[in-house]
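Trainee: Hi! Could you walk me through this one before I head back to the bench?
Mentor: Happy to, let's pull it up.
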Amino acid sequence: MCAASPWKTCRRCDGLGFQLTHTKRGKPKSGKHCRRCDGHGIRIRLGRHLWNRWTRTYRDGTSTARSTR
């Protein structure tokens, strides 16, 4: 799932990019900028995040060529 669709809608703002507030009459309006998704409305999935960390760590550990002389 993470390879096919690495992004998921934000749970806090439901993909809107901001938290919804209401006026005194009950009409919805945009509230604060969502800090969890940084206003984009999407977040990276946990499995994809772990995969990215693992590949970055592996690449950094094997990319440096050391001479043994």
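Trainee: What classes of residue make up the lining of the largest pocket?
Mentor: Five charged residues, three nonpolar ones and one polar one. Keep in mind that this is a predicted model.

Trainee: Okay, and which residues line the largest pocket?
Mentor: The lining is made by Lys8, Thr9, Cys10 and Arg11, along with Arg36 and the run Arg43, Ile44, Arg45 and Leu46. Two elements, β1 (7-9) and β4, each give two or more residues to that lining.

Trainee: What volume does the largest pocket have?
Mentor: About 170 Å³. As background, rolling a probe the size of a water molecule over the atoms shows where empty space is left.

Trainee: Let's take lysine 8 from that lining. Where is lysine 8 found?
Mentor: Lysine 8 belongs to strand β1. Its C-alpha is 6.2 Å from that of arginine 45, although the two are 37 residues apart in sequence.

Trainee: Why does lysine 8 count as partly exposed?
Mentor: Because its relative accessible area is 41%, and partly exposed covers the range between the 20% cut-off for buried and the 50% cut-off for exposed.

Trainee: And arginine 36, where is its place?
Mentor: Arginine 36 is in the loop between β3 and β4. With a relative accessible area of 31%, arginine 36 is partly exposed too. It pairs up in space with arginine 11: their C-alphas are 8.8 Å apart, with their positions 25 residues apart in sequence terms.

Trainee: Which other residues are in the loop between β3 and β4?
Mentor: Glycine 39 is one of them, and aspartate 38 is found there as well. Glycine 39 is partly exposed, at 30% relative accessibility. Measuring C-alpha to C-alpha in the model, glycine 39 and cysteine 10 are 9.5 Å apart, and in sequence they are 29 residues apart.

Trainee: What about the phi of aspartate 38?
Mentor: It is near 60 degrees, which is a positive value in a residue other than glycine. Aspartate 14 is another case, with phi near 55 degrees.

Trainee: Where is aspartate 14 found?
Mentor: In the loop between β1 and β2 (18-22).

Trainee: Is aspartate 14 buried or exposed?
Mentor: Exposed, because its relative accessible area is 64%, and the cut-off for exposed is over 50%.

Trainee: Changing topic: which residues make the nonpolar surface patch?
Mentor: Trp7, Ile42 and Ile44 make it, and the patch comes to about 270 Å². Ile44 also appears in the lining of the largest pocket.

Trainee: Tell me about isoleucine 42. Which strand does it lie in?
Mentor: Isoleucine 42 lies in strand β4, which spans residues 42-44. Isoleucine 42 counts as partly exposed, because its relative accessibility is 40%.

Trainee: Let's zoom out. How many helices and strands does the protein chain have?
Mentor: One helix and four strands. Along the sequence they follow the pattern β-β-β-β-α.

Trainee: And what share of the protein chain do buried residues make up?
Mentor: They make up 12% of the 69 residues.

Trainee: Great, could you give me a quick recap of the pocket for my notebook?
Mentor: Sure. The largest pocket has a volume of about 170 Å³, and its lining has five charged residues, three nonpolar and one polar. Lysine 8, from strand β1, and arginine 36, from the loop between β3 and β4, are among the lining residues.

Technical notes
Residues numbered from 1 in each chain as written. Predicted model: local features only at pLDDT ≥ 70, side-chain atom pairs only at ≥ 80, totals over all residues. Heavy atoms only, no water. Patch = residues over 30% accessible without salt bridge, like charges linked within 9 Å, V, L, I, M, F, W, Y side chains within 5 Å. Areas by Shrake-Rupley, 256 points an atom, 1.4 Å probe, with all protein chains shown as cover. Salt bridge = Lys/Arg side-chain N within 4 Å of Asp/Glu carboxyl O. Buried < 20%, exposed > 50% of the residue type's maximum accessible area, 1.4 Å probe, protein only. 1 Å grid on protein atoms, 1.4 Å probe; cavity = no way out; pocket = protein on both sides within 12 Å on 5 of 7 lines; lining within 4 Å. Points joined across faces, edges and corners; volume = space filled by probe spheres on them. Nonpolar A, V, L, I, M, F, W, Y, C, P; charged D, E, K, R; others polar.
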